[in-house]
Amino acid sequence: MAQKQKVDPHVGRLGYLQALVTEFQETESQDAKEQVLANLANFAYDPSNYQYLRQLQVLDLFLDSLSEENETLVEFAIGGLCNLCADPANREHILQAGGVPLITNCLSSPDEETVLSAVTALMYLSSPGSAAHPDLTALPVVQCMLRFSLSANTRLRNLAQIFLEDFCSPSQVAEARRRPAHSALGIPLPRAEAPQQS
(Lines give C-alpha, C1' and ligand atoms only; values in the text may rest on other atoms or scores of the structure.)
Protein backbone atom coordinates (compact mmCIF):
# COMPACT_ATOMS: atom_id res chain seq x y z
CA MET A 1 0.00 0.00 0.00
CA ALA A 2 1.41 3.38 -1.00
CA GLN A 3 2.05 5.79 1.82
CA LYS A 4 0.47 9.21 1.65
CA GLN A 5 2.90 12.10 1.67
CA LYS A 6 2.67 14.05 4.88
CA VAL A 7 1.80 17.68 4.32
CA ASP A 8 3.03 20.21 6.85
CA PRO A 9 -0.14 21.93 8.10
CA HIS A 10 1.93 24.96 9.15
CA VAL A 11 2.94 25.89 5.60
CA GLY A 12 -0.56 27.28 5.09
CA ARG A 13 -0.32 29.25 8.31
CA LEU A 14 3.01 30.84 7.31
CA GLY A 15 1.52 31.85 3.96
CA TYR A 16 -1.51 33.36 5.65
CA LEU A 17 0.63 35.31 8.13
CA GLN A 18 2.83 36.52 5.26
CA ALA A 19 -0.29 37.76 3.45
CA LEU A 20 -1.37 39.67 6.57
CA VAL A 21 2.05 41.33 6.91
CA THR A 22 2.03 42.28 3.23
CA GLU A 23 -1.48 43.73 3.51
CA PHE A 24 -0.45 45.77 6.56
CA GLN A 25 2.55 47.19 4.71
CA GLU A 26 0.70 47.96 1.48
CA THR A 27 -2.72 49.21 2.53
CA GLU A 28 -3.48 52.93 2.84
CA SER A 29 -6.64 52.28 4.87
CA GLN A 30 -6.36 52.87 8.63
CA ASP A 31 -9.30 50.51 9.20
CA ALA A 32 -7.55 47.74 7.26
CA LYS A 33 -4.31 48.34 9.19
CA GLU A 34 -6.20 48.10 12.49
CA GLN A 35 -7.93 44.87 11.42
CA VAL A 36 -4.68 43.26 10.23
CA LEU A 37 -2.79 44.27 13.38
CA ALA A 38 -5.62 42.88 15.53
CA ASN A 39 -5.39 39.57 13.61
CA LEU A 40 -1.61 39.43 14.03
CA ALA A 41 -1.96 40.16 17.76
CA ASN A 42 -4.43 37.26 18.02
CA PHE A 43 -2.03 34.92 16.21
CA ALA A 44 0.67 36.04 18.68
CA TYR A 45 -1.36 34.36 21.43
CA ASP A 46 -0.51 30.87 20.09
CA PRO A 47 3.06 29.66 20.81
CA SER A 48 2.98 27.50 17.67
CA ASN A 49 3.05 30.77 15.67
CA TYR A 50 6.10 32.32 17.41
CA GLN A 51 8.64 30.98 14.92
CA TYR A 52 6.64 32.28 11.94
CA LEU A 53 6.05 35.67 13.55
CA ARG A 54 9.80 36.03 14.20
CA GLN A 55 10.58 34.90 10.65
CA LEU A 56 8.17 37.52 9.24
CA GLN A 57 9.58 40.21 11.58
CA VAL A 58 6.18 40.79 13.16
CA LEU A 59 7.84 41.66 16.48
CA ASP A 60 9.51 44.62 14.76
CA LEU A 61 6.22 45.53 13.10
CA PHE A 62 4.57 45.62 16.54
CA LEU A 63 7.45 47.66 17.99
CA ASP A 64 7.27 50.14 15.10
CA SER A 65 3.50 50.46 15.57
CA LEU A 66 3.96 51.58 19.19
CA SER A 67 5.05 54.97 17.82
CA GLU A 68 1.87 55.46 15.76
CA GLU A 69 -0.49 58.31 16.59
CA ASN A 70 -3.45 55.97 16.05
CA GLU A 71 -4.28 54.71 19.57
CA THR A 72 -6.01 51.61 18.19
CA LEU A 73 -2.86 50.52 16.35
CA VAL A 74 -0.84 51.09 19.54
CA GLU A 75 -3.36 49.03 21.54
CA PHE A 76 -3.17 46.07 19.15
CA ALA A 77 0.63 46.31 18.83
CA ILE A 78 1.25 46.30 22.59
CA GLY A 79 -1.32 43.49 22.94
CA GLY A 80 0.62 41.45 20.37
CA LEU A 81 3.92 42.12 22.13
CA CYS A 82 2.36 41.20 25.46
CA ASN A 83 1.28 37.87 23.94
CA LEU A 84 4.75 37.25 22.50
CA CYS A 85 7.11 38.28 25.30
CA ALA A 86 6.48 35.32 27.56
CA ASP A 87 8.67 33.33 25.13
CA PRO A 88 12.44 33.59 25.88
CA ALA A 89 13.48 34.09 22.22
CA ASN A 90 10.84 36.77 21.69
CA ARG A 91 11.73 38.42 25.00
CA GLU A 92 15.38 38.58 23.98
CA HIS A 93 14.49 40.06 20.59
CA ILE A 94 12.33 42.78 22.19
CA LEU A 95 15.09 43.68 24.67
CA GLN A 96 17.79 43.71 21.97
CA ALA A 97 15.63 45.79 19.62
CA GLY A 98 15.27 48.57 22.21
CA GLY A 99 11.65 47.74 22.94
CA VAL A 100 11.63 48.68 26.64
CA PRO A 101 11.39 52.49 26.17
CA LEU A 102 8.68 52.01 23.53
CA ILE A 103 6.70 49.82 25.94
CA THR A 104 7.17 52.15 28.91
CA ASN A 105 5.88 55.01 26.76
CA CYS A 106 2.61 53.06 26.52
CA LEU A 107 2.15 53.53 30.28
CA SER A 108 1.05 57.09 29.52
CA SER A 109 -1.64 56.02 27.04
CA PRO A 110 -5.18 57.23 27.71
CA ASP A 111 -6.38 53.74 26.70
CA GLU A 112 -6.88 51.33 29.59
CA GLU A 113 -6.17 48.14 27.61
CA THR A 114 -2.94 49.61 26.24
CA VAL A 115 -1.74 50.40 29.76
CA LEU A 116 -2.71 46.97 31.10
CA SER A 117 -0.86 45.25 28.24
CA ALA A 118 2.19 47.48 28.76
CA VAL A 119 2.39 46.65 32.48
CA THR A 120 1.99 42.93 31.73
CA ALA A 121 4.64 43.08 28.99
CA LEU A 122 7.08 44.77 31.39
CA MET A 123 6.45 41.97 33.88
CA TYR A 124 7.14 39.28 31.25
CA LEU A 125 10.29 41.11 30.15
CA SER A 126 11.45 41.22 33.78
CA SER A 127 10.81 37.53 34.31
CA PRO A 128 13.33 35.42 36.21
CA GLY A 129 16.13 33.94 34.19
CA SER A 130 16.45 36.91 31.87
CA ALA A 131 19.21 39.43 32.38
CA ALA A 132 17.79 42.39 34.25
CA HIS A 133 17.30 45.38 32.00
CA PRO A 134 17.73 48.58 34.06
CA ASP A 135 14.98 50.48 32.19
CA LEU A 136 12.35 47.94 33.29
CA THR A 137 12.46 49.24 36.85
CA ALA A 138 13.76 52.76 36.24
CA LEU A 139 12.58 55.35 38.76
CA PRO A 140 9.82 56.83 36.53
CA VAL A 141 8.43 53.33 35.90
CA VAL A 142 8.38 52.52 39.63
CA GLN A 143 6.71 55.87 40.38
CA CYS A 144 4.15 55.14 37.70
CA MET A 145 3.42 51.73 39.23
CA LEU A 146 2.97 53.39 42.63
CA ARG A 147 0.35 55.68 41.08
CA PHE A 148 -1.34 52.77 39.31
CA SER A 149 -1.39 50.81 42.60
CA LEU A 150 -3.84 53.47 43.85
CA SER A 151 -6.12 53.19 40.80
CA ALA A 152 -9.85 52.63 41.10
CA ASN A 153 -9.44 49.97 38.37
CA THR A 154 -8.94 46.64 40.14
CA ARG A 155 -7.03 45.05 37.24
CA LEU A 156 -4.59 47.94 36.97
CA ARG A 157 -4.19 48.25 40.74
CA ASN A 158 -3.47 44.51 41.14
CA LEU A 159 -0.99 44.38 38.24
CA ALA A 160 0.86 47.41 39.60
CA GLN A 161 1.04 45.91 43.08
CA ILE A 162 2.41 42.63 41.69
CA PHE A 163 4.99 44.57 39.65
CA LEU A 164 6.12 46.51 42.75
CA GLU A 165 6.29 43.41 44.95
CA ASP A 166 7.79 40.90 42.52
CA PHE A 167 9.98 42.96 40.18
CA CYS A 168 11.18 45.94 42.25
CA SER A 169 13.47 45.92 45.24
CA PRO A 170 12.22 47.50 48.48
CA SER A 171 14.90 50.18 48.06
CA GLN A 172 13.60 51.04 44.55
CA VAL A 173 10.07 51.43 45.90
CA ALA A 174 11.28 53.50 48.85
CA GLU A 175 13.28 55.77 46.53
CA ALA A 176 10.25 56.24 44.26
CA ARG A 177 8.10 57.15 47.27
CA ARG A 178 10.70 59.71 48.44
CA ARG A 179 10.95 61.51 45.10
CA PRO A 180 8.40 64.18 44.21
CA ALA A 181 5.65 62.71 42.05
CA HIS A 182 6.23 65.24 39.27
CA SER A 183 9.56 63.59 38.43
CA ALA A 184 7.61 60.68 36.91
CA LEU A 185 6.99 60.77 33.19
CA GLY A 186 3.86 62.83 33.78
CA ILE A 187 1.95 59.62 33.32
CA PRO A 188 -1.77 60.12 33.84
CA LEU A 189 -4.15 57.34 34.74
CA PRO A 190 -5.89 55.90 31.67
CA ARG A 191 -8.97 57.76 30.47
CA ALA A 192 -11.39 55.12 31.75
CA GLU A 193 -9.87 55.49 35.18
CA ALA A 194 -11.21 58.86 36.25
CA PRO A 195 -12.25 58.50 39.90
CA GLN A 196 -15.95 57.76 40.23
CA GLN A 197 -18.06 60.47 41.83
CA SER A 198 -20.06 59.02 44.69
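Which residues have the most contacts inside the largest nonpolar core? They are Leu 40, Phe 62 and Met 145. The model is predicted. Its largest nonpolar core has 56 residues. Helix H8, residues 112-125, gives the largest share of this core, with 8 residues.

**Around Phe 62**

Take Phe 62, one of the residues with the most core contacts. Neighbours within four places in sequence are left aside here. Phe 62 then touches Leu 37, Leu 40, Ala 41 and Ala 44. Its contacts also include Phe 76, Ala 77, Gly 80, Leu 81 and Leu 84. Leu 40 thus appears twice: as a contact of Phe 62 and among the residues with the most contacts in the core.

**Helix H9**

Helix H9 spans residues 139-148. Of its 10 residues, 7 are buried, so the helix is largely enclosed by the rest of the structure. Met 145 is among the buried ones. So are Val 141, Val 142, Gln 143, Cys 144, Leu 146 and Phe 148. These buried residues pack against four helices, listed below.

| Helix packed against buried residues of H9 | Residues |
|---|---|
| H7 | 99-105 |
| H8 | 112-125 |
| H10 | 154-167 |
| H11 | 170-178 |

**The loop before H9**

Asp 135 sits in the loop between H8 and H9. Is Asp 135 buried or partly exposed? Asp 135 is partly exposed, because its relative accessible area is 34%, between the 20% and 50% cut-offs. Beyond neighbours within four places in sequence, Asp 135 contacts Val 100, Pro 101, Thr 104 and Val 141. Val 141 is one of the buried residues of H9. The C-alpha atoms of Asp 135 and Leu 122 are 9.8 Å apart. Along the chain, these two are 13 residues apart.

Definitions and conventions. Residues are numbered from 1 along each chain as its sequence is written. This is a predicted model: local features need pLDDT of at least 70, side-chain atom pairs count only at pLDDT 80 or more; totals for chains, interfaces and linings use all residues. Side-chain values use heavy atoms; hydrogens and water are left out. A nonpolar core is a set of buried Ala, Val, Leu, Ile, Met, Phe, Trp, Tyr and Cys residues joined through side-chain atoms within 4.5 Å. Buried means under 20% relative accessible area, exposed over 50%, partly exposed in between (1.4 Å probe, protein chains only). Helices (H or I, at least four residues) and strands (E, at least two) are DSSP runs, numbered from the N terminus. Contact means heavy atoms within 4.5 Å.
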